[in-house]
Amino acid sequence: MEDNKYEVEECRGVLWVYSDGTILRLTKPSFEVPIHDDGSILWKDVVFQAMHNLQLRLYKPANPTSSAKLPVFYYIHGGGFCISSRTWPNCQNYCFKLASELQTVVISPDYRLAPENRLPAAIEDGYAAVKWLRDQAVSDEPDTWLTDVADFSRVFISGDSAGGNIAHNLAVRLKAGSAELDPVRVRGYVYLLPFFGGTIRTKFEAEGPKDAFLNIELIDRFWRLSIPIGSTTDHPLVNPFGPNSPNLENIDLDPILVLVGGCDLLKDRAKDYANKLKNYGKNIEYVEFEGQQHGFFTINPNSESSKKLMLIIKKFIQDNSS
């Protein structure tokens with residue numbers, strides 16, 4: 001019998017879905033850039049979820065500028081819930097930069113990817129990565145590589161794109177004070193160009209640049225591959241203001257910093273999120289970087305906008321550490 005298998009979906013040259021349901025996933029990164037590992041940041045991998053063999057990558061300054069313990073900064077990678085990894089060079093380089101410039105312990109977890117594992121898998125794995133830190137904090141035999149330098153009372157959870165969506169869902173789940181993680185204390189959340197969706201197009205999704213780095217076809221494709229079968233992009237994990245989403249006005253939240261690029265097709269959703277939460281009386285700050293595209297800070301981490309973004313994150317950590 002003739003094989004009529006054909007390509008249905010393709011993502012960034014590393015993931016293909018075929019008409020017979022088979023999936024081809026390459027381990028190579030979409031973005032081949034050199035890794036800048038100069039020895040100033042120490043790092044290692046740790047399994048945090050054995051059932052799915054999920055690992056996280058820990059980073060810390062080799063020679064911290066302070067003798068005090070360092071804040072902990074989660075960096076949850078992006079990739080539309082479908083691609084990317086803590087091991088990709090663009091992710092690794094940015095984590096080096098975060099650890100160095102913020103003087104933090106950086107935790108970069110992987111999570112199960114779609115379409116093999118659709119939502120809520122990624123959200124559950126993000127939660128497991130944070131629970132892992134609590135397990136370290138209360139363990140009789142902790143990993144001293146981490147515990148000797150990490151201040152568990154000053155934890156910040158950041159996420160990039162899909163990772164920013166995970167950070168939002170963690171903020172809602174853990175609520176202000178993150179009591180269930182005690183003695184770990186989350187002090188704030190940083191959403192870097194968060195990946196939110198909805199069945200109704202925003203103005204910028206409809207009218208923004210068609211040649212955007214994250215274009216509308218790719219946005220739609222990532223959602224097609226990642227939302228639960230039978231759901232729409234108004235799913236509560238996708239659209240914070242969907243018909244079945246929790247009412248954020250009634251939930252106490254820790255401080256949130258939302259950072260977006262002015263040319264990012266996702267910016268309207270992030271701005272709407274920030275405005276609504278501000279109107280609800282939440283502690284939320286929104287900063288838009290004029291002329292910048294999706295992922296600008298990892299694509300060009302030494303640009304003026306990227307440097308400014310890092311300083312804004314640094315101030316957010318300082319302002320919410322006491």
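The legends below accompany several close-up views of one predicted model.

**View 1. The surroundings of Ser161, the residue that UniProt lists under "active site" in an unreviewed entry.** Ser161 is found in the loop that runs between strand β8, residues 150–160, and helix α4, residues 162–174. With a relative accessibility of 5%, Ser161 counts as buried, because buried here means under 20%. When residues up to four places away in sequence are left aside, Ser161 touches Gly78 and His294, and also Leu192, Leu193, Pro194 and Phe195. The same record, again as an unreviewed entry, lists residues 74–297 as "domain: Alpha/beta hydrolase fold-3". The C-alpha atoms at the two ends of residues 74–297 lie 16 Å apart, and the span is 36% helix and 17% strand.

**View 2. The largest pocket and the residues that line it.** Rolling a probe the size of a water molecule over the atoms shows where empty space is left. The largest pocket has a volume of about 720 Å³, and 35 residues form its lining. Among these lining residues, Asn90, Cys91, Tyr94, Thr298 and Ile299 lie nearest the centre of the pocket. Helix α1, residues 89–102, and helix α8, residues 296–299, each supply at least two residues of the lining, and the largest share, seven residues, comes from α1. Sorted by kind, the lining of the largest pocket holds 16 nonpolar, 15 polar and four charged residues.

**View 3. The second largest pocket and a network of salt bridges that includes Asp110.** The second largest pocket holds about 340 Å³ of space. Its lining is made of 20 residues, and those nearest the centre are Arg25, Ser84, Ser85, Asp110 and Leu113. Seven residues of this lining are nonpolar, eight are polar and five are charged. Asp110 also belongs to a network of salt bridges, in which it is linked with Asp45, Arg57 and Arg86.

**View 4. Three salt bridges, chosen from the 19 found in a search of the whole structure.** Side chains of opposite charge can pair when their charged atoms come close. Asp151 and Arg154 meet through their side chains in a salt bridge, with a distance of 2.8 Å from N to O. Asp151 counts as buried at 17% relative accessibility, and Arg154, with a relative accessible area of 18%, is buried as well. Another salt bridge joins Asp220 to Arg201, where the closest N and O atoms are 2.7 Å apart. Asp220 lies in helix α6, residues 216–226, whereas Arg201 lies in the loop between β9, residues 186–192, and α5, residues 203–207, so the pair ties together parts that are 19 residues apart in sequence. Both partners are partly exposed, Asp220 with a relative accessible area of 24% and Arg201 at 43% relative accessibility. In the salt bridge between Lys276 and Asp272, the side chains meet at 3.2 Å from N to O. Lys276 and Asp272 both lie in helix α7, residues 267–279, where they are four residues apart, about one turn of the helix. Lys276 is partly exposed at 30% relative accessibility, and Asp272 is partly exposed too, with a relative accessible area of 32%.

**View 5. Helix α6 and the parts of the chain that its buried residues pack against.** Helix α6 is mostly covered, since eight of its 11 residues are buried. The buried residues of α6 are Ile216, Leu218, Ile219, Arg221, Phe222, Trp223, Leu225 and Ser226. They pack against two strands, β1 (7–11) and β2 (15–18), and against two helices, α4 and α5. Asp220, which also lies in α6, is partly exposed.

**View 6. Ile23 in strand β3 and its contacts with other parts of the chain.** Ile23 is found in strand β3, which covers residues 23–25, and it is partly exposed, with a relative accessible area of 33%. Apart from residues up to four places away in sequence, Ile23 touches Leu15, Trp16 and Val17, and also Pro115 and Glu116. Ile23 and Glu116 are 93 residues apart along the chain, yet their C-alpha atoms are separated by 8.2 Å.

Note on methods. Residues are numbered from 1 along each chain as its sequence is written. This is a predicted model: local features need pLDDT of at least 70, side-chain atom pairs count only at pLDDT 80 or more; totals for chains, interfaces and linings use all residues. Side-chain values use heavy atoms; hydrogens and water are left out. UniProt positions are given in the numbering used here, feature names are shortened, and annotations may be inferred rather than shown by experiment. Buried means under 20% relative accessible area, exposed over 50%, partly exposed in between (1.4 Å probe, protein chains only). Contact means heavy atoms within 4.5 Å. On a 1 Å grid over the protein atoms alone, a cavity is a set of points where a 1.4 Å probe fits but cannot get out, and a pocket is an open set with protein on both sides within 12 Å along at least five of seven lines; lining residues have an atom within 4 Å of a point. Grid points are joined across faces, edges and corners, and a volume is the space filled by probe spheres set on the points. Ala, Val, Leu, Ile, Met, Phe, Trp, Tyr, Cys and Pro count as nonpolar, Asp, Glu, Lys and Arg as charged, and the others, Gly among them, as polar. A salt bridge is a side-chain nitrogen of Lys or Arg within 4 Å of a carboxyl oxygen of Asp or Glu.
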